[in-house]
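Dear colleague,

Please find below the structure that I am passing on to you, followed by an account of what was found in it.

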Amino acid sequence: MRITIDPIIKEIAGIFNSNNKEIYLVGGAVRDKLRGKKIHDWDMTTNALPDEVTAIIKKAGGKVIPTGIKHGTVTVLFKNISTEITTFRTESDYSDGRRPDKVNYAATIEEDLSRRDFTMNAIALRLPKGEIVDPFKGLKDIKAKIIRCVGDANERFNEDGLRPLRAARFAAQLNYKIEKNTLEAINGALAVSAKVSWERVREEIDKILASAVPSLGFRIMEKTGLLKLFLEELTLCRGIEQKGFHQYDVLDHNFLTCDYAAAKGFSKETRLAALFHDIGKPSVRELDPSGVWTFYRHEEVSSEMCRVILNRLRYSNAVIDKVCHLVNQHMFLYTENWTDAAVRRFIARVGEDHLNDIYSLRRADIYGFSGKEPDYRSIKQLVERVNKVLTKGRAFTIKDLAVSGKDLMEIGIPGGKMMGVILKELLETVIDDPEQNTKERLKQIAEKTYKR
Ligand code: ATP
Ligand code: MG
């Protein structure tokens with residue numbers, strides 16, 4: 001196998017070698033190179049101590065930032081490349097299952113590789129030439145598309161409870177299978193996984209969501225108990241049967257919707273909304289007198305539950321607000337007899353900025369009924385109607401009104417709560433009939449409403 005290495009990386013390696021230090025390419029960069037993929041970050045490891053790395057690079061005119069000095073890592077800026085260089089490490093104690101207690105340096109590359117999580121991640125390329133150092137047969141596993149722990153899986157997972165989740169993430173990201181012993185060891189380490197910080201859990205969930213088929217990862221999580229641990233609300237959707245067009249229970253439906261949502265033009269928010277869009281169904285389900293299941297107001301309950309979950313996972317407020325809004329708005333059924341006013345009310349309710357995401361979510365939701373490409377004609381028609389309405393002008397928020405609060409104060413309407421109510425009413429009037437959106441007309445209406 002011929003491996004080309006970036007010339008600047010080779011130059012950095014040459015500088016280390018001339019200082020009598022070994023340096024290797026490691027981690028995801030090697031894995032992805034051996035898979036024939038493009039590399040986004042160049043992680044390296046060396047037998048030079050962090051202080052020595054700093055001195056060597058500075059002497060050669062580069063910059064060093066002690067980004068992860070606690071773990072023996074520095075970030076090196078050299079020419080136009082930024083790379084992380086970590087001193088050989090050994091497995092240290094993880095007394096809390098979260099982070100190693102302290103960094104212990106290793107003497108050899110083999111020892112450094114032995115503390116890494118999976119065989120595919122425990123391969124090094126010796127620089128500058130790129131000879132493969134592969135003591136755990138990672139290359140063979142890459143060829144067979146297998147995720148396997150380095151050494152004893154039970155031990156490795158009990159050292160760091162994030163590793164099981166990483167296994168599920170890599171399975172989705174790479175479309176690899178998890179080797180039997182590795183898979184079986186996940187369940188025995190759940191108590192350790194429970195101690196992992198929510199931020200680290202979220203990073204892995206984000207990577208699952210960004211995979212081509214996220215449900216591959218979520219199904220492994222379900223099978224091994226990780227889903228119950230981190231996203232218990234989803235596991236409660238298992239076995240919740242639906243009626244009508246639905247062919248799947250609520251959990252499989254959520255998974256399928258998630259796989260399909262924003263598959264082209266990735267949007268994390270839309271995928272999250274898809275994953276959770278029906279999560280409230282188990283709690284609102286009722287059998288109506290004709291023997292059909294109903295899920296009255298499930299979009300509101302789902303949106304509320306979604307907020308709890310996303311807060312727990314420490315997503316930003318911007319992400320949380322958007323996802324919950326999409327979930328809350330995911331139920332609409334366009335028919336040709338919608339009036340232009342109904343189309344405008346739809347735009348106002350969803351918000352112009354969220355239209356593309358809501359179409360995408362709705363399409364995915366319909367796909368999730370059957371798992372087959374359905375007829376999207378009604379959504380296509382809605383998009384056309386919306387676009388047509390938008391060419392005729394935009395008055396969907398209070399800011400778009402031809403009058404301001406100041407104008408209304410001038411005609412004697414007091415500021416405060418009453419002003420809010422009147423502006424809202426004016427907006428509804430304008431959404432129903434945009435012709436009313438003139439200063440004179442709105443002032444008249446406001447005055448009438450106020451005196452009422
Ligand atoms: P990505 O493409 O997501 O960056 P990666 O394999 O580079 O994948 P990183 O989290 O960047 O993953 O870690 C770099 C390397 O460090 C891994 O390939 C692995 O060798 C090692 N590593 C990372 N996290 C762990 C862990 N929790 N336990 C053991 N080894 C780990
Ligand atoms: Mg990486």
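**Backbone and ligand site**

Asparagine 175 is found in the loop between α7 and β9 (177–178). Although asparagine 175 is not a glycine, its phi is positive, at about 60°. Please bear in mind that this is a predicted model.

A second asparagine deserves mention alongside it. Asparagine 20 belongs to the loop that runs between α1 (7–18) and β1 (23–26). Asparagine 20, which is not a glycine either, has a positive phi of about 60°. Its relative accessibility is 70%, and because exposed means over 50%, asparagine 20 counts as exposed.

The backbone also contains a cis peptide bond, which joins leucine 127 and proline 128, with omega about 10°. Proline 128 has its place in the loop between β6 (124–126) and β7 (131–133). As background to these features, most residues other than glycine have a negative phi, and most peptide bonds are trans.

In strand β2 (residues 43–46) one finds methionine 44. Is methionine 44 buried or exposed? Its relative accessibility is 1%, and since buried means under 20%, methionine 44 counts as buried. From C-alpha to C-alpha, methionine 44 is 9.4 Å from isoleucine 9 in space, while the two are 35 residues apart in sequence.

I turn now to the ligand. Ligand 1 sits in the largest pocket. It is surrounded by 14 residues, of which the closest are Arg31, Asn121, Asp160, Arg163 and Arg169. By character, nine residues of this shell are charged, four are polar and one is nonpolar. Two helices, α2 (28–34) and α7 (163–174), each supply at least two residues of the shell. With four residues, α7 provides the largest share.

Several polar contacts to ligand 1 can be described in terms of individual atoms. Two involve the protein backbone: a polar backbone atom of glycine 28 is 3.2 Å from an oxygen atom of ligand 1, and a backbone N or O atom of aspartate 117 lies 3.2 Å from a nitrogen atom of the ligand. A further contact involves a side chain, with an N or O atom of arginine 166 placed 3.1 Å from an oxygen atom of ligand 1. Taken alone, ligand 1 exposes 590 Å², and the protein buries 81% of that area.

With kind regards

Technical notes. Residues numbered from 1 in each chain as written. Chains lettered and ligands numbered in written order. Predicted model: local features only at pLDDT ≥ 70, side-chain atom pairs only at ≥ 80, totals over all residues. Heavy atoms only, no water. Near = heavy atom within 4 Å. Polar contact = N/O pair within 3.5 Å; in protein donor to acceptor, adjacent residues only side chain to side chain. Areas by Shrake-Rupley, 256 points an atom, 1.4 Å probe, with all protein chains shown as cover. 1 Å grid on protein atoms, 1.4 Å probe; cavity = no way out; pocket = protein on both sides within 12 Å on 5 of 7 lines; lining within 4 Å. Sits in = over half its atoms within 2 Å of the grid points. Nonpolar A, V, L, I, M, F, W, Y, C, P; charged D, E, K, R; others polar. Buried < 20%, exposed > 50% of the residue type's maximum accessible area, 1.4 Å probe, protein only.
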